[in-house]
Amino acid sequence: MGVSSNGVLVIIVMVVALALSTITSVNGGGNFEQDFEVTFGDGRVKKFWRGQLLTLSLDKVSGSGFRSKREYLFGRIDMQLKLVAGNSAGTVTAYYLSSEGKTHDEIDFEFLGNVSGQPYTLHTNVFTKGKGDREQQFHLWFDPTLKFHTYSVAWTPRMIIFLVDNTPIRVFKNHEARGVGFPKTQPMRIYSSLWNADQWATQGGRVKTDWAKAPFTAYYRNFNVNPNHAAATAAFTDSKWQNQELNAWSRRRLRWVQKYFMIYNYCADAQRFPRGVPVECKMM
């Protein structure tokens, strides 16, 4: 049975509408046209809806990336991501804050892809003056490829809190008084990239990227940066959140995540630190 040209047009419109329905409800926040610049990718970074939605893609030739035009020193940084779906083995979607140079500071979210049906690994790290080695890794309690989820950093002079959908998953406190470095003097830009790391990213590099599935695509929306973001106060004891600790509900959520979803903690790696774990681990 044939289909008229009008029928074909209707079908196309319906397919596009269905695809867009999974990424609707864009609300305010920053603008990818105005606030970010492409770092690499030769056309693999695409912006839609006047800068309200951005996609990164990866193929066998190249990945892609972007960064904020501005630098930030402290604040609440939110970004909604929908990760590469299907067989994402070998891919890494990185979303992080970083200054520049050999003695840079950095606060990392990295999403390590996996074969279909297996969970992503969320890798976190904190660098101070070029030194990292503070890895904690998690599996998520949802499928991050089905819809958008919010990944946040609440960064104050006292602590760094990593949050997923406003649930704290990690807290890194300032223990400079005990000789532990803490990032608080170098303003940082926001970066994100999608790239191939199949030499190590999935099951220690045993599973390689399946280029027959390329291009791989990650989606971004609802970027927001605010040193007094209203949503941040929900995790703290009062509205002056820069100077406060996590409230009781957030402490319970943090313990829940770390008990059931943490899969690696450098502070528990005695083989890696045979002479004793780092100082900050003894004060958690």
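## Serine 98 and its surroundings

Leaving aside neighbours within four places in sequence, serine 98 is in contact with His104, Asp105, Glu106, Met188, Arg189 and Tyr191. The model in which these contacts appear is a predicted one, and serine 98 lies there in strand S6, which covers residues 91-98. Serine 98 counts as buried because its relative accessible area is 7%, where the cut-off for that word is under 20%.

## The sheet

Strand S6 belongs to an open sheet of 8 strands, whose order is S1-S4-S13-S6-S7-S8-S9-S15 and whose pairing is antiparallel. The edges of this sheet are taken by strand S1 (36-40) and strand S15 (262-265), and since each has a single partner strand, one side of each is left without a neighbour in the sheet. On average, and with direction ignored, neighbouring strands of this sheet are turned by 15° against each other.

At the S15 edge, strand S9 (residues 136-138) is joined to S15 by 3 bridges, and the two run antiparallel. Within strand S15, tyrosine 264 is the residue that stands opposite glutamine 137.

## Asparagine 114

Between strand S7 (106-112) and strand S8 (121-127) there is a loop, and asparagine 114 is found in it. According to an unreviewed UniProt entry, Asn114 is covered by the annotation "glycosylation site"; in the model, asparagine 114 is buried, with a relative accessible area of 12%.

When residues up to four places away in sequence are not counted, asparagine 114 touches Gly86, Asn87, Ser88 and Ala89, together with Pro119, Thr202 and Gln203.

## The nonpolar cores

In soluble globular proteins, nonpolar side chains tend to be buried together. In this model the largest nonpolar core has 48 residues, and those that touch the most other members are Met79, Phe109, Tyr151, Ile160, Ile190 and Tyr220. Strand S14 (residues 216-226) gives the most to this core, contributing 4 residues. Apart from it there is a second, separate core of 7 residues, which includes Met159, Leu163, Leu246 and Leu254.

Isoleucine 160, one of the residues of the largest core named above, touches a varied set of residues once those up to four places away in sequence are not counted, among them Ile107, Val126, Val153, Ala154 and Trp155. The contacts of isoleucine 160 also include Arg170, Val171, Phe172, Phe182 and Pro183.

How values were computed. Residues are numbered from 1 along each chain as its sequence is written. This is a predicted model: local features need pLDDT of at least 70, side-chain atom pairs count only at pLDDT 80 or more; totals for chains, interfaces and linings use all residues. Side-chain values use heavy atoms; hydrogens and water are left out. Buried means under 20% relative accessible area, exposed over 50%, partly exposed in between (1.4 Å probe, protein chains only). Contact means heavy atoms within 4.5 Å. Two strands pair if DSSP finds at least two bridges between them. Axes are lines fitted to C-alpha atoms, for helices over the stretch in contact, and angles run from 0 to 180 degrees between N-to-C directions. UniProt positions are given in the numbering used here, feature names are shortened, and annotations may be inferred rather than shown by experiment. A nonpolar core is a set of buried Ala, Val, Leu, Ile, Met, Phe, Trp, Tyr and Cys residues joined through side-chain atoms within 4.5 Å.
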